[in-house]
Amino acid sequence: MTSNVLINPEIPESDRERVKRILKGVERRLGFVPAGLRLYAISPPVLEQFVNLVGYYMEHPRLNIKLMALIRYLVSSAAGCRFCIDFNAAFLMEMGVTPEELEAAREDVGRAPVDDADKTLLKIALDAIDRPDDISGAELDMAREKGFSDRDIFDAVIIAANNKAFTQVLRTFKVEDQGAFA
């Protein structure tokens with residue numbers, strides 16, 4: 001454990017095979033195991049639930065991967081979670097998003113590199129984190145008019161909320177980069 005990380009994700013003996021199987025699946029999918037998931041290994045049921053939810057979103061029937069990555073990136077940026085910012089920025093850049101486009105999206109969500117329909121959903125997801133009480137039926141109607149179902153809207157908000165929680169957990173335990181548990 002590096003000196004700034006506050007908790008060592010010691011896997012309970014009775015769950016070592018379970019955690020090994022879960023992390024091996026993550027590594028097959030991503031090519032590596034993110035440090036944030038190594039932290040979650042301290043609680044195998046939480047790790048399993050989190051990985052299953054991520055798997056659902058990676059295969060989402062309607063929301064595109066770029067929109068979901070932008071939601072995570074912008075929530076992480078607002079929360080100041082260096083690990084999540086870097087992880088999602090790299091993921092977006094692999095999809096062809098430039099650093100300048102990422103900066104523009106941070107400054108103004110209306111300049112995010114997605115189409116107008118996705119910008120509507122992106123704005124709702126981000127507003128759900130910053131001002132949930134102010135979201136109106138009219139905003140949801142606008143997303144519906146652009147072809148999104150209530151499930152799509154709900155799932156986008158859940159992505160944002162779960163990412164906010166994830167960033168807070170990583171920041172709490174000072175997991176700041178991929179080498180946190182090297």
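Helix α7 (residues 116–130) and helix α8 (residues 137–145) pack against each other at an angle of about 150 degrees, and their axes lie 9 Å apart. This is a predicted model, and the helix pair is a good place to start looking around. From there, the briefing moves on to a salt bridge and then to two pockets, the largest with about 700 Å³ of space and the second largest with a volume of about 220 Å³.

**Where α7 meets α8**

- The two helices, α7 and α8, cross in a left-handed sense.
- On the α7 side, the contact is made by T120, K123, I124 and D127.
- Facing them from α8 are E139, L140, M142 and A143.
- Sorted by character, the residues of this contact between α7 and α8 comprise four nonpolar, one polar and three charged.

**Salt bridges**

- Across the whole structure, a search finds 16 salt bridges.
- One of them joins K123 to E139, with the closest N and O atoms 4.0 Å apart.
- Because K123 sits in helix α7 and E139 in helix α8, this pair ties together parts that are 16 residues apart in sequence.
- If you have just looked at the helix contact, you have already met both partners: K123 is on the α7 side and E139 on the α8 side.

**The largest pocket**

- To find the largest pocket, look for L37, F50, V54, G55 and M58, which lie nearest its centre among the 30 residues of its lining.
- Five helices each supply at least two residues of this lining: α1 (16–30), α3 (44–58), α4 (65–79), α5 (82–94) and α9 (150–172).
- Helix α3 gives the largest share of the lining, with nine residues.
- In character, the lining of the largest pocket divides into 20 nonpolar residues, six polar and four charged.

**The second largest pocket**

- The volume of the second largest pocket is about 220 Å³.
- Its lining has 14 residues, and those closest to the centre are L74, A78, V109, L126 and D130.
- Two or more residues of this lining come from each of α4, α6 (99–107) and α7.
- The residues lining the second largest pocket comprise eight nonpolar, one polar and five charged.
- Helix α7 may look familiar here, as α7 is also the helix that packs with α8.

Methods
Residues are numbered from 1 along each chain as its sequence is written. This is a predicted model: local features need pLDDT of at least 70, side-chain atom pairs count only at pLDDT 80 or more; totals for chains, interfaces and linings use all residues. Side-chain values use heavy atoms; hydrogens and water are left out. Axes are lines fitted to C-alpha atoms, for helices over the stretch in contact, and angles run from 0 to 180 degrees between N-to-C directions. Helices (H or I, at least four residues) and strands (E, at least two) are DSSP runs, numbered from the N terminus. A crossing is left-handed if the near helix is turned anticlockwise from the far one by less than a right angle, and right-handed if clockwise. Contact means heavy atoms within 4.5 Å. Ala, Val, Leu, Ile, Met, Phe, Trp, Tyr, Cys and Pro count as nonpolar, Asp, Glu, Lys and Arg as charged, and the others, Gly among them, as polar. On a 1 Å grid over the protein atoms alone, a cavity is a set of points where a 1.4 Å probe fits but cannot get out, and a pocket is an open set with protein on both sides within 12 Å along at least five of seven lines; lining residues have an atom within 4 Å of a point. Grid points are joined across faces, edges and corners, and a volume is the space filled by probe spheres set on the points. A salt bridge is a side-chain nitrogen of Lys or Arg within 4 Å of a carboxyl oxygen of Asp or Glu.
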